[in-house]
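The following paragraphs offer a guided reading of the model shown below. They begin with a term on which several later statements depend.

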Amino acid sequence: MQKPIFNGPPSPEEFQRQLQEFMRQHLPSGNVSSFTRPETSDASEGSHPESNSEVFKFDYKPRDVKAYLDRFVVKQEEAKKVLSVALCDHYHHVRLAMDGKAQPNYAKQNIILIGPTGVGKTYLIRSIADLIGVPFVKADATKFSETGYVGGDVEDLVRDLVRRADGEVARAQYGIIYIDEIDKIAAAPNMNGRDVSGRGVQTNLLKLMEETEVPARAPHDIAGQIQAMMEMTQGRGRKQPATINTKHILFVVSGAFGGLEKIIQKRLREATIGFAASAKTAVEEDLVFSEAQTRDFIEFGFEPEFIGRLPVRVVCQQLNVDDLFLILKTSEGSIIRQYEQSFAAYGIEVLFRDDGLRRIAELAAEEKTGARGLMTVCERSFRDLKFELPSTTVKRFVVTRELVDNPPAELQKLLAEHEKEEHVVMRQLLHEFARRFHESHGLKIWFTDAAADRLVALALEQSKPIRDLCAEKFKDFQFGLKLIAQNTGRKEFAIDADAVETPDKVLSDWVVASYRTEITKG
Ligand SMILES: Nc1ncnc2c1ncn2[C@@H]1O[C@H](COP(=O)(O)OP(=O)(O)OP(=O)(O)O)[C@@H](O)[C@H]1O
Ligand SMILES: [Mg+2]
């Protein structure tokens, strides 16, 4: 009997052998063995087009980058500055390297980003990647395992960059890889037992952060291998380098680093022993992370080599009510723009008044999830309005403090007020209908209160313009009333509720009656 093909994860070599065997059996002739490592000696398609300045252009100054970030990210002034400088350094170096003019011992400006949840860490880096136009990949450190088979493989990050660069390896090589929750792979010694796999992931990442060649196709990416081979055997498809060089990929890692502040505080306290008791022992909580040193990170559970490859340290601050208010009001990425847009899709205009925005900010601050709290509060505040308003004729509303505090009650009030306003306008439209009727036909009509109420109700019910409703209902009245006028000399007519309900019957009754009057008159 034949051995089953997969018996645990095969080694890459074993896998290739099996795959070639499979292809030999299932594909028509062709040079099957050539698919595994496409040759890249061809200069025009070389794997690392150092001299190809078409691939990458960069001529920003730190102030330009900061100014761009200011449009989106509120507060985090220090972070924006440090990031702008690091980014410019990195990409100027990349440019020099492309022209073969880089210093040989350049230390890459990989970045470690510290700060609580929802304060703009990811947002900062994503905005920068947008500005520079380099591919950007984001992942959580927790999804990786040491071997790469159980969880993800850190090398997948690099391959993801290629995907983000629409398959262009050359562009991917200048991308940004962002790894969140990096604190979760710290092998904290003070937790019960060192987390060995976390250390393994650190080691794997370390290789990437230095310089390494990552195979463009993952050894376990069966579909990719097969596709590559089909393209090769059939001589089509873009020829791509077999490996991706990570030398110029910028790494940004981030996390909340809960517990690191205690390590820093402790060190600061110990340092002041023997000095005056009032020395800077109690660094303000918000600022303590800015004091972080390499040894603090090592005590936290990072390998010295790992933390050493992350020379740029950036701290993001917690956002207070004022910051959250500013995010709503001024950030180009403000969530209220999203709400304005989704209401506009139904032809509804929203005006966000400052007291409403401030209330959203206050409630969001209570959530303690940074700017993410804004989304939670907005969802809660607008969910009923989003559901109900599109099916009404409400065309605009104002977001006030009261609305944010009690959306259902304010919605009811809005609808009631709107109805009242609508009634007033609709009654005016009825007057106008009567006036035009008079003008066109020389006969005066008016609606009794009961008739007007009924017409308004029907127009709302059928969501029909009240003018059209009247034109339809009273289409024969000009003829009928003219007859009556001829028969009786009457020129003024009250339209009552019955005439609204069954206009044709009422009109014909009136006409019949008018003949009787004429007979009695005659
Ligand atoms: N400082 C800020 N200025 C403007 N908008 C912000 C700011 N911080 C956060 N936001 C908004 O909140 C969203 C979530 O923020 P982001 O993803 O950057 O959080 P984070 O700091 O990466 O948090 P986590 O640690 O949970 O990943 C952003 O997409 C953005 O809309
Ligand atoms: Mg994030």
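A residue is called exposed when its relative accessible area is over 50%, buried when that area is under 20%, and partly exposed in between. By this rule Ser 463 counts as exposed, because its relative accessibility is 64%. The model itself is predicted, and the values that follow are computed from it.

Ser 463 is a suitable place to begin. The residue sits in the loop that joins helix 18 (449-461) to helix 19 (466-473). Its phi is near 35°, a positive value in a residue other than glycine. A second residue with this feature is Lys 368, whose phi is near 60° and which is likewise not a glycine. Lys 368 belongs to the loop between helix 14 (354-367) and helix 15, and with a relative accessibility of 65% Lys 368 also counts as exposed.

Helix 19, which follows the loop of Ser 463, contains Cys 470. In contrast to the exposed Ser 463, Cys 470 counts as buried, at 1% relative accessibility. The C-alpha atom of Cys 470 lies 9.3 Å from that of Ala 459, and 11 residues separate the two along the chain.

The ligand site comes next. The shell around ligand 1 consists of 17 residues, of which Thr 117, Gly 118, Lys 121, Thr 122 and Arg 372 come nearest. By residue type, the shell divides into 10 nonpolar, four polar and three charged residues. Which helices supply at least two residues each to this shell? They are helix 4 (121-132) and helix 15 (372-388), and helix 4 gives the most, with three residues. At the level of domains, both domain 1 (12-17 + 50-315) and domain 2 (321-405) provide at least three residues of the shell.

Several backbone atoms lie close enough to oxygen atoms of the ligand to count as polar contacts, for which the cut-off is 3.5 Å. A backbone N or O atom of Gly 118 is 2.7 Å from an oxygen atom of ligand 1. For Tyr 123, the corresponding separation between a backbone N or O atom and a ligand oxygen is 2.9 Å. A polar backbone atom of Val 119 is 3.2 Å from an oxygen atom of ligand 1. Taken alone, ligand 1 exposes 630 Å², and the protein buries 85% of that area.

Aromatic side chains form another part of the picture. Across the whole structure, a search finds 19 aromatic pairs. One of them is formed by Phe 257 and Phe 297, whose arrangement is edge-to-face, with 5.8 Å from centre to centre and 85° between the planes. Phe 257 lies in the loop between strand 6 (250-255) and helix 9 (260-272), while Phe 297 lies in helix 10 (residues 294-300), so the pair ties together parts that are 40 residues apart in sequence. Phe 257 is buried, with a relative accessible area of 0%, and Phe 297 is buried with a relative accessible area of 0%. Phe 302 and Phe 306 form a stacked pair: their centres are 5.4 Å apart and their planes meet at 15°. Phe 302 counts as buried at 2% relative accessibility, as does Phe 306 at 1%. Elsewhere, Phe 433, Phe 437, Phe 447, Phe 474, Phe 477 and Trp 510 form one aromatic cluster.

The loop between helix 9 and helix 10 includes Gln 293, which is partly exposed because its relative accessible area is 33%. Gln 293 and Ile 264 are 29 residues apart in sequence, yet their C-alpha atoms are 8.0 Å apart in space.

Helix 5 (residues 154-164) completes the tour. What lies at its start and just after its end? At the start, a side-chain oxygen of Asp 153 reaches to within 2.9 Å of the backbone nitrogen of Glu 155. Just after helix 5, Asp 166 takes a positive phi of about 50°. Along the helix, the buried residues are Val 154, Leu 157, Val 158, Arg 159, Leu 161 and Val 162. An α-helix has 3.6 residues a turn, so residues three or four places apart point the same way. The buried set of helix 5 can be read with that spacing in mind, with Val 154, Leu 157 and Leu 161 among its members.

Note on methods
Residues numbered from 1 in each chain as written. Chains lettered and ligands numbered in written order. Predicted model: local features only at pLDDT ≥ 70, side-chain atom pairs only at ≥ 80, totals over all residues. Heavy atoms only, no water. Near = heavy atom within 4 Å. Polar contact = N/O pair within 3.5 Å; in protein donor to acceptor, adjacent residues only side chain to side chain. Areas by Shrake-Rupley, 256 points an atom, 1.4 Å probe, with all protein chains shown as cover. Helix = DSSP H or I, 4+ residues; strand = E, 2+ residues; numbered from the N terminus. Nonpolar A, V, L, I, M, F, W, Y, C, P; charged D, E, K, R; others polar. Domains from an automatic or database assignment. Phe/Tyr/Trp six-rings, centres within 6.5 Å; stacked < 30°, edge-to-face > 60°. Buried < 20%, exposed > 50% of the residue type's maximum accessible area, 1.4 Å probe, protein only.
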